[in-house]
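Q: Could you take me through a close look at how some helices in this structure pack together, and what happens in the stretch that follows one of them? I am new to this, so please go step by step.

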Amino acid sequence: LGLALYTGSLCVLSCADLVYHDYCIVGAGPSGLQAAYFLQRASRDYMVFERSHAPGSFFALYPRHRKLISINKRYTGKSNSEFNLRHDWNSLLSHDRRLLFRHYSRDFYPSADEMVRYLEDFASLLKLRVQYNTAIIHVTLERDEQAWNGHYFILTDQDRQNYKCSCLLVATGTWVPNVVNFPGSEYVEGYETVSTNPEDFAGQTVLILGRGNSAFETAENILGVTNFIHMVSRSRVRLSWATHYVGDLRAINNGLLDTYQLKSLDGLLEGDLEDLAIIKDKKGKLHITLQFYLENSNISAGVDAITLPQDELDNFAPRAPYDRVIRCLGWKFDFSIYNRSLKMMPGKGDKKKYPQIKPNYESTNTQGLFVLGTASHSIDFRKSAGGFIHGFRYTTRAVHRLLEKRHHGVPWPSTIYPVTQLTNSIIKRVNEASGLYQMFSVLADIILLRENATAFEYLEEYPVGILAELEMQTGRKAPSGLFVVIMEYGKNFSGADKDVFYYNRAVGEAQHAWQSNFLHPVIYFYKHLPTEHEMKLRPPDWPLPRPDAIHHIVEDFLTDWTAPNAHILPLRRFLENCLSTDLRNFFAESCFLFAFTRQKLPPFCWQGYMRMQGLEGSEGLRRHAVEAGLLQDYSITDFLGDRPPDSHKGSQDQLLRDHVISVRPLQHLVNAKDE
């Protein structure tokens, strides 16, 4: 009995120590704070767990040389806040206009210290619930049929405090350095610890392992003081302006390319790092060799007893000894804290540094576990901006909307418009929307057609990877077909080996819009919602399955798709062909004429003129329409007959009054005609 009472008291104690929240967010970086903002606005029960004493701890250390490569364009010539976010790559989404990054830095490439200050203000000014100095060291599952997803997540911190939640949002990013082990790798310095003082490298010869922005950032810092710098990686250099991927090498860091191509001693090499070996001589110099040269050699005997590549090939490229070797190979996701029950598996190939997730950002093997921010970049790796603030601020909002529908029955936000506003709605979004612009080929606007195509429902920034699940994920129905509005680059324009500056690289004529290379809007039309099978069979590099019809809006040098002839007219005609209707706007006189000469009125007349909506007529408006060729020119004198000239003004007013037609009698006439 005493043993039973003791065991029961332990259970009560452990249950009391278990803190419950509906949502647990691990990590108070940008994506974690962004998720917290949306949950707080929706009045949900959540908590953010951060191992450091402040948010954004990654930016407190990285980048090591403190200059971000995310642009801070403070002026665009426009006041539209949504448009301006297209060129603000650092701000998170919020209702507080004080929390725009342009208020924190005037630099085009701002300092990482300003990002730390910004994230601190974002958390404090919005009063987000963040528990600092709490390092989650273990995550496991507790099966329970009553839970949202059939299980709870149990989180344990460094003090053995346990937390229980129904939904887990992982926002830890990728922070574990990539390390390659080979003979002599103990002589390699890591990017995370190497000195940032250029004087420490004065007169030295340096080898850098890696070819990403961290490698070139390190080289840029010491370029002017070293003897020479060599850089080796297994892949060729990828320039962001050629690949159109912001994670590839940016121009701000590529000074070494100049000195390499202009033969100023620095150079780039390609080779598999796992085949390398480093030998240290008595003077402390580091020699590069290949592992197979060490198979029959005694390493402990020293470099003089080992055959080096240059002994057989006297012009072996990295034959000169180096003073320092620096590893700059990026980071990977930390899988170590997750119990096997969660089945958190790394991706394959180039995506092995990220956890496996589905297109809705949920873990492939564990329902209710969502990955946000940089760690979710496997969805659009080397394609779009999902691994960076200006991309994942929108994917995080999309995940929040999916959770609102799944757990709280809140449908995806939408707006219903009459079909006459279809062209205008698309033109407005492609010219303003930042989410479509930054997350091209990943997020899309969905236009659901109502019965008989008299109206439509507009959903913004939905993940196209789960288009087949739209009705379930959003709570919206698509019984009569749909349009998908997305942004794309030309299919064959981007790539590390592409010349993106070739002559005639841009298309200017609407009839050749399908050949557009630069980012431009594409509209897909489906008579029925695509199935999961159709999504799997979509052509390579296509974000969507083959549609029933497709329209490219021709690329524009100013990314301003408002030209009446080049942009709007072709779009309207495409929509009209898909819907078999007339989407033009008409004057009341034309609608009046159509009522007596057509069996079916255009939607604008039905939804506007027949409901007494539209502009009130005037002589100035009539004359403008005549001069523009929109109305026939019925001369005033045709109606005046032999009236004296001084009665012209009054007759003109009488004419305008005579043209005001009663809508109710007209409606009876039309109905009678239909009958």
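A: Let's start with a rule about angles: when two helix axes cross at under 35 degrees, the helices count as roughly parallel. Please keep in mind that this is a predicted model.

Now try the rule on helix H2 (residues 30-41) and helix H5 (residues 112-125), whose axes come within 11 Å and cross at roughly 20°. H2 and H5 are therefore roughly parallel to each other. The crossing of H2 past H5 is left-handed. Where the two helices touch, Pro30, Leu33 and Tyr37 come from H2, while Leu119, Phe122 and Ala123 come from H5. Sorted by class, this contact has six nonpolar residues, with no polar and no charged ones.

Next, turn to helix H11 (residues 422-432) and helix H15 (residues 564-579). Their axes come within 10 Å and cross at roughly 130°. An angle over 115 but not over 145 belongs to the oblique group, so H11 and H15 are oblique to each other. H11 passes H15 in a right-handed crossing. On the H11 side, the residues in contact are Leu422, Thr423, Ile426 and Ile427, and they meet Ile568, Leu571, Arg572, Leu575 and Leu579 of H15. This contact of H11 with H15 is made up of seven nonpolar residues, one polar and one charged.

Let's follow the chain onward from H15. Ser580 sits in the loop between H15 and H16, and Thr581 is in the loop between H15 and H16 too. Ser580 has a relative accessible area of 61%, so this residue is exposed. Thr581 has a relative accessibility of 16%, and because buried means under 20%, Thr581 counts as buried. Leaving aside residues up to four places away in sequence, Thr581 touches Glu576 and Pro603. Ser580 can also be placed relative to a residue elsewhere in the chain: its C-alpha atom is separated by 9.2 Å from that of Ala453, although the two residues are 127 residues apart along the chain.

The loop brings us to helix H16 (residues 588-597), where Ser590, Cys591, Phe594 and Ala595 are buried. These four cover an arc of only 145° around the axis, which means that they lie on the same side of H16. Leu593 and Thr597, on the other side of H16, are exposed. If you turn the model to view H16 along its axis, you can look for the buried side with Phe594 and the other side with Leu593.

Key: Residues numbered from 1 in each chain as written. Predicted model: local features only at pLDDT ≥ 70, side-chain atom pairs only at ≥ 80, totals over all residues. Heavy atoms only, no water. Buried < 20%, exposed > 50% of the residue type's maximum accessible area, 1.4 Å probe, protein only. Arc of directions from axis to C-beta. Axes fitted to C-alpha atoms, helices over the stretch in contact; angles between N-to-C directions. Parallel < 35°, antiparallel > 145°, perpendicular 65-115°, else oblique. Left-handed = near helix turned anticlockwise from the far one by under 90°. Contact = heavy atoms within 4.5 Å. Nonpolar A, V, L, I, M, F, W, Y, C, P; charged D, E, K, R; others polar.
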